[in-house]
Each structure stands twice: as C-alpha cells, then as structure tokens.
Amino acid sequence: MKLEIKDLHISINEKEVVKGVNLTVKDGELHVIMGPNGSGKTTLAKAIMGHPQLKITAGDILADGKSIKDMKVDERAKLGIFLQFQNPVEIEGLGLLNFLNSARGAVTNEALNYKEFMNDIKTTSKDLSLKEEIIGRSLNHGFSGGEKKKVEILQMHLLKPKIAILDEPDSGLDIDAVRVVANNVEKMRKERKMGMLVITHYSRILEYMEPNFIHVMKDGKIVKEGGKELIHEIEKSGYANA
Ligand SMILES: Nc1ncnc2c1ncn2[C@@H]1O[C@H](COP(=O)(O)OP(=O)(O)OP(=O)(O)O)[C@@H](O)[C@H]1O
Ligand SMILES: [Mg+2]
C-alpha cells in the first residue's frame with residue numbers, strides 16, 4: 001500500500017500541533033521519524049489511524065491514491081493500516097487471547113482456524129521471547145513495559161497489515177529486547193513487503209534495521225530528511241540545528 005501524507009495540518013483543541021507534513025511511504029520501505037519531545041510525532045501517527053480527537057484542518061491522507069481522511073479507525077484497519085501505540089492501554093477483564101482473536105476476526109474477516117491461530121501465537125511469542133502464559137492474562141494489565149510493546153508486535157504479526165506505524169517500539173525495552181523486536185519487525189517487513197513508519201528517539205534500534213529514509217520532525221514540521229547518515233548527525237549534535 002502506498003501511503004501519502006499531503007500538507008497535513010492537525011489541531012488538538014484548536015491548537016495546531018502538526019503544521020504541514022508531507023510524507024510518502026511505499027511498499028517495503030522503512031521510514032523513520034525522529035525529533036524532540038512534543039514535536040507532533042504521535043499526533044501524526046494517531047491522525048493516520050483516525051483518532052477521533054484530532055482535527056485535520058488542511059491537507060489529506062491517501063492510501064493507494066484514495067483519501068482516507070474521513071474514514072473511521074476500523075475502516076482504516078480493514079484497509080491494512082496498523083498503529084502500535086506509544087503507551088498501550090491496560091484493560092482488566094479483557095483476556096489477551098480473546099482480544100487478539102476478536103481483532104483478527106474484525107480486521108482480516110478470515111474464519112478462525114483455532115489450531116493455526118494458536119500455533120501462530122506460540123511461535124511468534126517464542127520469537128519475541130514473550131512468556132506464553134501471558135496469553136491467559138488480561139490485555140496489558142500488569143504487563144511490564146517491554147511485554148506491552150512485544151504484545152503490540154504480536155498483534156501486528158496476527159493482523160497482517162499492509163502498512164504499520166510503530167510509535168516508539170523500543171521505549172522501555174532492555175538491550176536484548178530491542179534487538180529481538182527490531183529483528184522480528186524487519187523480518188515481517190521484508191517477508192510481507194510492508195511499508196513501515198517507525199518513530200524513535202534512539203539510534204540503537206536502527207542498528208538492527210535498514211531504514212530507507214530518516215525524517216526529523218520539529219515543532220510540527222519535517223525540518224530535515226536524509227538517509228541513515230542523519231542518525232549519526234543527530235546523535236552527535238542533537239536537534240538544536242535541525
Ligand atoms: N489531547 C491533547 N490535548 C492537548 N494537547 C495535546 C493533546 N495531545 C497532544 N497534545 C500536545 O501536542 C503536542 C505534540 O504531542 P505529541 O504526543 O504528538 O508529541 P511527540 O512528538 O510524540 O512527543 P514524544 O517524543 O514525547 O512522544 C504536545 O505539546 C502535546 O502536549
Ligand atoms: Mg510521542
């Protein structure tokens with residue numbers, strides 16, 4: 001899927017947070033957004049997914065050339081757009097297995113093959129070094145920070161999106177977990193030729209990934225773009241001159 005963000009302006013409570021962003025992600029491409037806290041990265045990610053609190057005041061979001069700006073979240077999910085949350089919500093009483101199966105059914109419209117589904121969960125959990133017993137617990141309830149992030153990746157694996165936006169998949173992960181998550185995400189991207197937009201503050205995760213483009217977002221705008229070399233520049237001198 002080709003995702004095009006065109007001169008997008010987003011307001012929250014009448015305050016403009018994203019101020020004219022242009023970005024195109026094609027199949028198989030990995031785009032990375034870096035930038036200071038509060039620059040509008042999460043807001044941009046949520047707007048792509050259709051968060052109802054955000055108001056798009058100008059510009060458009062296109063999926064394969066068609067505007068999705070007025071579509072609801074579930075319609076976008078069915079088209080193949082996936083968002084991994086920076087801060088996944090905890091829902092006590094909603095079993096993780098139940099949640100994964102409901103989401104899978106709603107998004108893919110495929111009938112449940114229980115054995116295949118369970119095998120898939122087991123294999124992927126193992127790949128992610130995620131304890132299998134977690135499947136029997138409530139969604140994110142009492143999960144460690146790392147477990148929450150890994151469950152989001154498990155969800156992405158099962159929902160088979162065409163394009164994924166990962167909002168800080170590495171925050172709160174230990175050194176080994178960063179490598180494990182990055183390797184899994186890259187494997188998925190390559191095997192399925194998925195487009196990806198990864199938001200991160202750290203260069204470490206990018207050591208295990210092959211980004212095509214790095215975008216630096218500052219105060220609601222993309223102020224710098226380039227290849228992997230930009231990461232080292234940012235590491236060295238921060239965002240002051242970006
Ligand atoms: N619901 C809201 N109400 C008011 N302001 C909000 C709301 N959500 C976001 N903002 C503001 O919008 C700005 C951009 O926030 P956003 O979460 O997009 O930043 P970010 O680039 O993802 O930052 P970080 O790197 O810290 O995750 C911030 O100043 C934030 O306080
Ligand atoms: Mg954020």
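Helices (H or I, at least four residues) and strands (E, at least two) are DSSP runs, numbered from the N terminus. This is a predicted model, in which local features need pLDDT of at least 70 and side-chain atom pairs count only at pLDDT 80 or more, while totals for chains, interfaces and linings use all residues. Residues are numbered from 1 along each chain as its sequence is written, chains are lettered from A and ligands numbered from 1 in the order in which they are written, and side-chain values use heavy atoms, with hydrogens and water left out.

**Exercise 1. Describe the surroundings of ligand 1.**

Step 1: Start with the neighbours. A residue is near the ligand if one of its heavy atoms lies within 4 Å of it. There are 16 residues around ligand 1, and G38, K41, T42, T43 and H201 come nearest.

Step 2: Place the shell on the fold. β2 (15–25) and α1 each supply at least two of its residues, and α1 gives the most, with 3 residues.

Step 3: Sort by class. Ala, Val, Leu, Ile, Met, Phe, Trp, Tyr, Cys and Pro count as nonpolar, Asp, Glu, Lys and Arg as charged, and the others, Gly among them, as polar. The shell then has 3 nonpolar, 10 polar and 3 charged residues.

Step 4: Look for polar contacts to the ligand (pairs of N or O atoms within 3.5 Å). A backbone N or O atom of G38 lies 2.8 Å from an oxygen atom of ligand 1. For G40, a polar backbone atom is 3.0 Å from an oxygen atom of the ligand. Q86 uses its side chain, with an N or O atom 3.0 Å from a ligand oxygen atom.

Step 5: Check the cover. By the Shrake-Rupley method with a 1.4 Å probe, the protein covers 64% of the 640 Å² of accessible area that ligand 1 has on its own.

**Exercise 2. Characterise the largest pocket.**

Step 1: Fix the term. On a 1 Å grid over the protein atoms alone, a pocket is an open set of points where a 1.4 Å probe fits, with protein on both sides within 12 Å along at least five of seven lines; lining residues have an atom within 4 Å of a point.

Step 2: Give the volume, the space filled by probe spheres set on the points. The largest pocket has about 610 Å³.

Step 3: Name the lining. Of its 29 residues, V73, L83, F85, F99 and Q155 lie nearest the centre. α3 supplies the largest share, 5 residues.

Step 4: Count the classes. The lining divides into 19 nonpolar, 6 polar and 4 charged residues.

Key. A polar contact is a pair of N or O atoms within 3.5 Å; within protein, one must be able to donate a hydrogen and the other to accept it, and residues adjacent in sequence count only if both atoms are side-chain atoms.
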